[in-house]
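User: Hi! Could you walk me through this model? I'd like to go through a few spots together.

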Amino acid sequence: ASAIFQAAAGRLPGGVKVKPIGTADYPTPARRPANSVMSCAKIRAVYGIEPDDWRREVSEIVDRLLSESSKTGE
């Protein structure tokens with residue numbers, strides 16, 4: 001969420017602040033792992049795919065969404 005709003009900084013009305021919380025502060029019935037970073041090793045090994053950096057992708061998607069919403073007036 002922080003990365004999304006950072007990518008949209010200055011282009012959304014009202015400004016948004018994201019307050020990060022830890023897993024312990026958001027209890028759910030399912031137990032959550034302490035570190036849930038996904039490994040891309042298998043997709044690299046099996047298919048030869050090198051995933052793009054998610055930070056750049058977030059920025060590109062936010063740019064596209066904001067551009068589309070400005071065209072439709074939303």
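**Charged pairs and their surroundings**

Analyst: Happy to. This is a predicted model, and a good place to begin is Glu60, which is partly exposed with a relative accessible area of 37%.

User: Which residue does Glu60 form a salt bridge with?

Analyst: That would be Arg56, with the closest N and O atoms 3.0 Å apart. The two residues are 4 apart in helix H3, so about one helical turn separates them. Salt bridges with shared partners link Asp52, Arg56, Glu57 and Glu60 into one network.

User: Nice. How far apart are Asp52 and Arg56 in their salt bridge?

Analyst: Their closest N and O atoms are 3.5 Å apart. Asp52 is partly exposed at 47% relative accessible area, and Arg56 is partly exposed too, at 41%.

User: How many salt bridges does the count come to?

Analyst: The count comes to 6. Another one pairs the side chains of Glu50 and Arg44, at 2.9 Å from N to O.

User: And those two, are they buried or exposed?

Analyst: Glu50 is exposed, because its relative accessible area is 53% and the cut-off for exposed is over 50%. Arg44 has 38%, so Arg44 counts as partly exposed.

User: Switching to the helix: what caps the N-terminal end of H3?

Analyst: Asp53 does, with a side-chain oxygen 3.0 Å from the backbone nitrogen of Arg55.

User: And what should H3 span, given its 19 residues?

Analyst: At 1.5 Å a residue the expected span is 27 Å, and the end C-alpha atoms are 27 Å apart, so the two agree.

User: Good. Where is Pro51?

Analyst: Pro51 is in the loop between H2 and helix H3 (54-72). Its relative accessibility is 33%, so Pro51 counts as partly exposed.

User: What does Pro51 touch, leaving out residues up to four places away in sequence?

Analyst: Cys40, Ile43 and Arg44. Cys40 is 11 residues from Pro51 in sequence, and their C-alpha atoms are 7.5 Å apart in space. Arg44 is also the salt-bridge partner of Glu50.

User: Last topic: which residues form the nonpolar patch on the surface?

Analyst: Ile4, Phe5, Leu12, Val16 and Val18 form that patch, with about 360 Å² of accessible area together.

User: Where does Leu12 sit?

Analyst: Leu12 is in the loop between helix H1 (2-7) and helix H2 (41-47). With a relative accessible area of 33%, Leu12 is partly exposed.

Technical notes:
Residues are numbered from 1 along each chain as its sequence is written. This is a predicted model: local features need pLDDT of at least 70, side-chain atom pairs count only at pLDDT 80 or more; totals for chains, interfaces and linings use all residues. Side-chain values use heavy atoms; hydrogens and water are left out. Patches are made of residues with over 30% relative accessible area and no salt bridge: like charges are joined within 9 Å, nonpolar side chains (Val, Leu, Ile, Met, Phe, Trp, Tyr) within 5 Å. Accessible areas come from the Shrake-Rupley method with a 1.4 Å probe; for residues, only the protein chains shown count as cover. A salt bridge is a side-chain nitrogen of Lys or Arg within 4 Å of a carboxyl oxygen of Asp or Glu. Buried means under 20% relative accessible area, exposed over 50%, partly exposed in between (1.4 Å probe, protein chains only). Contact means heavy atoms within 4.5 Å. The expected span of a helix is 1.5 Å times one less than its number of residues. A polar contact is a pair of N or O atoms within 3.5 Å; within protein, one must be able to donate a hydrogen and the other to accept it, and residues adjacent in sequence count only if both atoms are side-chain atoms.
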